[in-house]
Structure formats: C-alpha cells, structure tokens
Amino acid sequence: MPLLVNGERIDLARPARDLSRAHPHLEEKAKLLRSQPARVVEPKGLLYVQQREFAVTTPEDGSVSILGSDDATTCHIVVLRHTGSGATCLTHCDGSDTEAEVSLIMSAVKSFSDPTGRGRLEVHLVGGFNDDRQLSQKLTNQLLRAFHLQPDELHLVTFCVTELNDREEKDIHFPIIYGIAVNVKTAEIFPATFPEKGPDEDLRSAHVLTGATLTNIYDAKTEELHIGPYFWRPFPYVDFWLEQDDKQILQETSYLQKK
C-alpha cells in the first residue's frame, strides 16, 4: 500500500526534498515543531529509547506515559502511531537495516491495533540535517521507501528531516532538533532533552557497540523493560583508540556531536 500525505500517494521518483514543496502543510508543521523550545523531560513516566532500540506501548500503560530519544544528528527518530488503539512506537534509526526495522515496528504497533478496524497508521519523521556526506538524505529516502513498501496504508503526518531540520552557522550545518518525545496518552510530539537516559544506559549502549540489530526493549503487557542477552567481543585496536584525542575519535566514529 502507498505512503500517503493528505490522502495523496507520495511520488518516490521525485527527490525527498520536493515532498514538502508538493505538500506545504508539511513544511508549516515542521516550522512549528522547530520553533518550539526543547522541553526537559524528567525520568518519571519516561521510557528513553537509545539508538537501534524501539519501544511500543498504549495509553493504558500505567508505568510509561512518555517515549523519547535524542542525540540524533544524521539519525532519524520515528514515531508510528495507530489512531484507533493509540498504540505508539518510537525508534531511533541510523540506517543500519532500515527496511527490516520498519517492518519490525509496523508489526509491533499492529499487534495492539483496534480489532474493529477503526483508526489509521500515522508516521512522524524527525532528524537529520544537510550533512556533507548526505547521510541524512540517504536515511530519509530509505525510510520513505520502506514505509511505502508496507502492506498497510500509512499516513505521513510529520516530516521534519534533513533540510527541514537544518541550521547553518559560520558555513557549518547543524540539526535544529536533536531529540523528541511523544506523549502516549495525548499523542503530542515535541522537541525534548533528557537529563536521565536510563535505566542501564551503559549496558544498553554496549549492546549497540556489539553491532546489535534494532531491539524491542519494552513489554507493554507486563510494563517491564527487557534487555536481551548479547555477546561482547574484544574491541579491535582498542589501544590505538585510547591514545587518540576527542577530535580524532569524533571524526572517525561519529559525523557530528551536539555543539
């Protein structure tokens, strides 16, 4: 089924940057989102989602009311929500296996969908910027195509990615929004920062460093966080990397860190 904007099928043959020009309300919504100051989200009721993680829950959840993630530069944060059941998923995608990841979060949200068939699936994409290597643009295209290939009808509601999330300072480009949160009770999406990124932030980060695929970290039925088993192998050339300064490490391992 196609990916739709206001009931119209998206033309994937055209560059993604033309999408907002063809649908000006997407650009206006992105502008409104960018204009909001980032809210500080405290740990109570929050489930923080790291890179290559996702979590899905419903408004009936008694433990989690906010899903959120940040530290996204070229990465994109995706919110997928079913308007009938209120089932809401948030994930932090880095382009490692986009098509498989989209299929995974689709299945997770549909498992909570309203059996009466009421409601629709809505997609919100936030993140990236005009980076020199065009990694953001590549990920934007991958996500649009992956959602377009799904067997279900999907509606693109928020599109604040790449050039729509870009600012320039002294000829250097930066993202405007690095993180977002979604209130699973009200469906509100807003720019956000998170003083606490747990629980078990280091353990979960190590999971990503092992090359882990996208992982579901939450069981909404039992309201429990789950971190599955994984294997850690010795980091290659660790002595070399420990001798490098911060600038060299950032240059080789991450395109851009928050200024």
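**Exercise 1. Find which residue of β8 stands opposite Val78, then place both strands in their sheet.**

Step 1. Val78 stands opposite Thr91 in β8. This is a predicted model: local features need pLDDT of at least 70, side-chain atom pairs count only at pLDDT 80 or more, and totals for chains, interfaces and linings use all residues. Residues are numbered from 1 along each chain as its sequence is written, and side-chain values use heavy atoms, with hydrogens and water left out.

Step 2. Strands β7 (residues 76-82) and β8 (residues 88-93) run antiparallel, joined by six bridges. A strand is a DSSP run of E, at least two residues, numbered from the N terminus. Two strands pair if DSSP finds at least two bridges between them.

Step 3. Read the open sheet across its eight strands: β2-β1-β10-β9-β7-β8-β5-β15, with mixed pairing. At the edges are β2 (8-9) and β15 (215-216), each pairing on one side only.

**Exercise 2. Decide whether His155 is buried or exposed, and list its contacts.**

Step 1. Locate His155: strand β10 (residues 154-161) holds it.

Step 2. Check its relative accessible area: 9%. His155 is therefore buried (under 20%; exposed is over 50%, partly exposed in between, with a 1.4 Å probe and protein chains only).

Step 3. Look beyond neighbours within four places in sequence. His155 is in contact (heavy atoms within 4.5 Å) with Leu3, Leu4, Arg120, Leu121, Glu122 and Val123.

Definitions and conventions:
Helix = DSSP H or I, 4+ residues; strand = E, 2+ residues; numbered from the N terminus.
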